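Could you walk me through this protein, from its strands to its helices? I would like to see how the pieces fit together.

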Amino acid sequence: MTIPTDPQTGEFRRSANHFDARVTADGRDGWPVEAGRYRLVVSRACPWASRGLIVRRLLGLESALSVAVADPIQDDKSWRFTLDPGDRDPVLGIRYLAEAYHAADPHYMGGISVPAIVDIPSGRLVSNDYPRITLDFSTEWTSLHRPGAPDLYPERLRGEIDDVNVGVFADVNAAVYQAGFATKQAAYDDAYHRLFAMLDALSDRLERQRYLVGDTITEADIRLFTTLVRFDSVYHGHFKCNRNKLTEQPVLWAYARDLFQTPGFGDTVDFDHIKRHYHAVHEQVNPTRIVPLGPDLSGWTTPHHREQLGGRPFGDGTSPGPPPESERIGDTDGATS
């Protein structure tokens with residue numbers, strides 16, 4: 001896997017999302033919301049894709065939007081469907097996600113990323129715009145939400161949610177990668193300091209309230225959670241974000257456990273995929289490709305006591321039911337991988 005960094009500064013540069021068409025209620029981009037028409041392609045290893053899995057579960061979109069899970073180990077053609085019989089996605093009929101990208105643009109030469117929304121009839125990629133995908137699930141796919149689906153992007157709080165998301169993206173979600181992929185000391189130092197300054201600020205905020213914005217789970221919590229849940233398994237050691245482990249930051253550790261134990265969060269997390277992807281694919285960071293056996297994951301299911309701060313996880317809605325049998329992931333109780 002080639003990691004794009006600036007040769008002068010040593011800073012990691014994330015590629016822009018080239019495909020940004022939207023699936024909307026009115027179909028204004030040519031892609032109307034329609035049950036069964038689209039397939040969400042994810043890697044359970046990827047934090048950006050994991051946002052889509054969580055929102056899909058919380059809103060009850062499983063029957064309307066099928067999901068394809070890529071192998072956590074990429075090859076030179078990127079995300080592949082080697083977890084499926086015949087090494088092909090059974091719905092799209094393709095071996096590699098790149099095929100959907102090139103069906104949308106035969107001349108595309110950029111990176112192949114998840115999450116990706118693919119139009120099943122045409123096999124064309126519609127969007128890899130991960131920040132917009134989950135917001136549209138909340139605001140454009142409402143006709144297909146389950147009864148009791150929570151409002152993850154309430155209109156009265158959108159300004160505050162957006163502000164929180166800007167800081168979390170720059171100094172948490174992206175900063176762990178900027179630290180881990182830096183090729184010069186100054187670039188690493190800058191990302192490291194921004195990361196832990198923001199984690200300290202978030203800890204102060206969450207010491208007084210159960211969730212980041214308002215008294216219910218919102219898009220802001222989902223975006224922070226997908227980084228926190230990977231922190232000790234990969235970012236602390238593999239990406240050198242090692243001032244503290246998550247388990248050594250009491251407020252954030254309790255907050256992350258609270259969300260992990262909430263239906264729709266922990267039941268989408270696959271620590272095995274997470275660890276194997278980061279350690280085996282990032283050869284520039286880990287040339288031996290050895291996957292560590294730790295850390296112990298049993299703490300994720302221990303009491304967190306965050307309910308003492310009040311709050312209503314799903315607001316006026318209800319908890320999602322159990323995940324479909326085909327999407328269930330093994331229990332983490334007492335596990336180390």
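Here is a short tour of a predicted model, starting with the strands and ending with the helices.

Let us begin at strand β3, residues 116-119, where both faces are covered. Ala116 and Val118 lie on one side, Ile117 and Asp119 lie on the other, and all of them are buried. Strand β1, residues 38-42, pairs with β3 in the antiparallel sense over four bridges. β3 is also joined by three bridges to strand β4, residues 124-127, and these two strands run antiparallel as well.

Val118 is a handy residue to click on. Its bridge partner is Arg39, while in β4 it stands opposite Leu125. Next to Val118 in the chain, Ile117 has Ser127 as its bridge partner in β4. Follow the chain from β3 to β4 and you trace a hairpin with four residues between the strands. In that turn sits Gly123, with a positive phi of about 75°.

Now look at what packs onto these strands. Leu92 has its place in the loop between β2 (66-69) and α2 (98-104). Is Leu92 buried or exposed? Buried means under 20% relative accessible area, and Leu92 has 16% relative accessibility, so it counts as buried. Leaving aside neighbours within four places in sequence, the residues in contact with Leu92 are Arg39, Val41, Val118 and Ile120. As a distance to try in your viewer, the C-alpha atoms of Leu92 and Ala64 are separated by 16 Å, with these positions 28 residues apart along the chain.

Leu97 takes us to the nonpolar core. In soluble globular proteins, nonpolar side chains tend to be buried together. Here the largest nonpolar core has 98 residues, and Leu97 and Phe137 are those with the most contacts inside it. Helix α5, residues 185-206, supplies the largest share of this core, with nine residues. Beyond its neighbours within four places in sequence, Leu97 is in contact with Val41, Trp79, Phe81, Ile112, Ser113, Val114, Ala116 and Val118.

Helix α5 deserves a visit of its own. At 1.5 Å a residue, its 22 residues should span 32 Å, and the end C-alpha atoms are 31 Å apart, which agrees. Among the buried residues of α5 are Ala187, Tyr188, Ala191, Leu195, Leu199, Leu202 and Leu206. The buried residues cover an arc of only 160° around the axis, so they sit on the same side of α5. An α-helix has 3.6 residues a turn, so residues three or four places apart point the same way. On the face turned away from the buried side, α5 carries the exposed residues Gln185, Ala186 and His193. The buried residues of α5 pack against α4 (158-180), α6 (219-228), α7 (231-235) and α8 (250-260).

Finally, turn to helix α9, residues 271-281. Nine of its 11 residues are buried, so α9 is largely enclosed by the rest of the structure. Its buried residues include Phe271, Ile274, Tyr278 and Val281, along with His273, Lys275, His277 and His279. They pack against α1 (47-59), β2, α4, α7 and α8.

For a wider frame, an unreviewed UniProt entry annotates residues 154-288 as "domain: GST C-terminal". This span is 61% helix and 0% strand, and its end C-alpha atoms lie 46 Å apart.

Methods
Residues are numbered from 1 along each chain as its sequence is written. This is a predicted model: local features need pLDDT of at least 70, side-chain atom pairs count only at pLDDT 80 or more; totals for chains, interfaces and linings use all residues. Side-chain values use heavy atoms; hydrogens and water are left out. UniProt positions are given in the numbering used here, feature names are shortened, and annotations may be inferred rather than shown by experiment. A nonpolar core is a set of buried Ala, Val, Leu, Ile, Met, Phe, Trp, Tyr and Cys residues joined through side-chain atoms within 4.5 Å. Buried means under 20% relative accessible area, exposed over 50%, partly exposed in between (1.4 Å probe, protein chains only). Contact means heavy atoms within 4.5 Å. The expected span of a helix is 1.5 Å times one less than its number of residues. The arc is that of the directions from the helix axis to the C-beta atoms. Two strands pair if DSSP finds at least two bridges between them.
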